[in-house]
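I opened my notebook for a friendly round of pocket hunting. Here is what I looked up, entry by entry.

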Amino acid sequence: MENYGFGSHGQLGLGNIGNQETPELVEALNGLKIISISAGGWHSAAISESGDLYMWGWNESGQLGFPCNKLQNGERPKEEIETICCLPKIVDLDDETVVAVSCGSRHTVALTENNHVWTWGWNGYSQLGRDDVSLSDKPQRIQLPKSFLTFQIKAKFWSTLVIGCLGASA
């Protein structure tokens, strides 16, 4: 996988916060077969063939699924806080296999092979499908009807779309 463009928040995954004018190999993912990618406002995601989810970039609202400064309030040591993550890191979704990911401006949504939809990041317009938080740096499964079969997910700017049907066996 190669990246280039504006990289001020580590969103290129190249290990720095510089801009890149020509395509450059994302060394941290070299040797992995990447089956899906998504780019948000300031963050990026990739899914490997084995279903691992990798994320990198700006984590200002927890959109990477790693501890962010806004939510930790000094409860964690500064070295555990991920404000900018310049290299891809694995996000753990309870060891589920990820089959789709989509990045919004400051939030992320993922779909696992178990038909579970997970969201995290900024929730200013309820785009996480939850009403209990304004932002979350911990991926959490959203509750869909038990018989809902998800076909596709899409995050865009400040919204999330989950396409599927009721009545199917999940």
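**Repeats and pockets**

I began with the record: UniProt, in an unreviewed entry, places the feature "repeat: RCC" at residues 1-50 and 51-114. I kept in mind that this is a predicted model.

Next I checked residues 1-50. I found 0% helix and 44% strand over this stretch, with the end C-alpha atoms 16 Å apart.

Then I turned to empty space. I noted a volume of about 210 Å³ for the largest pocket. Its lining has 17 residues, and I wrote down N3, Q11, L12, A39 and S44 as the closest to the centre. I also asked which elements give two or more residues to this lining. They are strand 1 (2-5), strand 3 (34-39) and strand 4 (43-48). By residue class, I have 9 nonpolar, 7 polar and 1 charged in the lining of the largest pocket.

I moved on to the second largest pocket, where about 150 Å³ of space lies. I listed 11 lining residues, of which N115, H116, R141, L144 and P145 are the closest to the centre. The lining of the second largest pocket divides into 5 nonpolar, 4 polar and 2 charged residues.

Last, I looked at a glycine. I located G18 in the loop between strand 1 and strand 2 (20-25). Is G18 buried or exposed? I call G18 partly exposed because its relative accessible area is 29%, between the cut-offs of 20% and 50%. Leaving aside neighbours within four places in sequence, I found G18 in contact with G7 and L12. G7 and G18 are 11 residues apart along the chain, and I have 5.2 Å between their C-alpha atoms. I had already met L12 among the residues closest to the centre of the largest pocket.

Notes. Residues numbered from 1 in each chain as written. Predicted model: local features only at pLDDT ≥ 70, side-chain atom pairs only at ≥ 80, totals over all residues. Heavy atoms only, no water. 1 Å grid on protein atoms, 1.4 Å probe; cavity = no way out; pocket = protein on both sides within 12 Å on 5 of 7 lines; lining within 4 Å. Points joined across faces, edges and corners; volume = space filled by probe spheres on them. Helix = DSSP H or I, 4+ residues; strand = E, 2+ residues; numbered from the N terminus. Nonpolar A, V, L, I, M, F, W, Y, C, P; charged D, E, K, R; others polar. UniProt positions renumbered as here; feature names shortened; annotations may be inferred. Buried < 20%, exposed > 50% of the residue type's maximum accessible area, 1.4 Å probe, protein only. Contact = heavy atoms within 4.5 Å.
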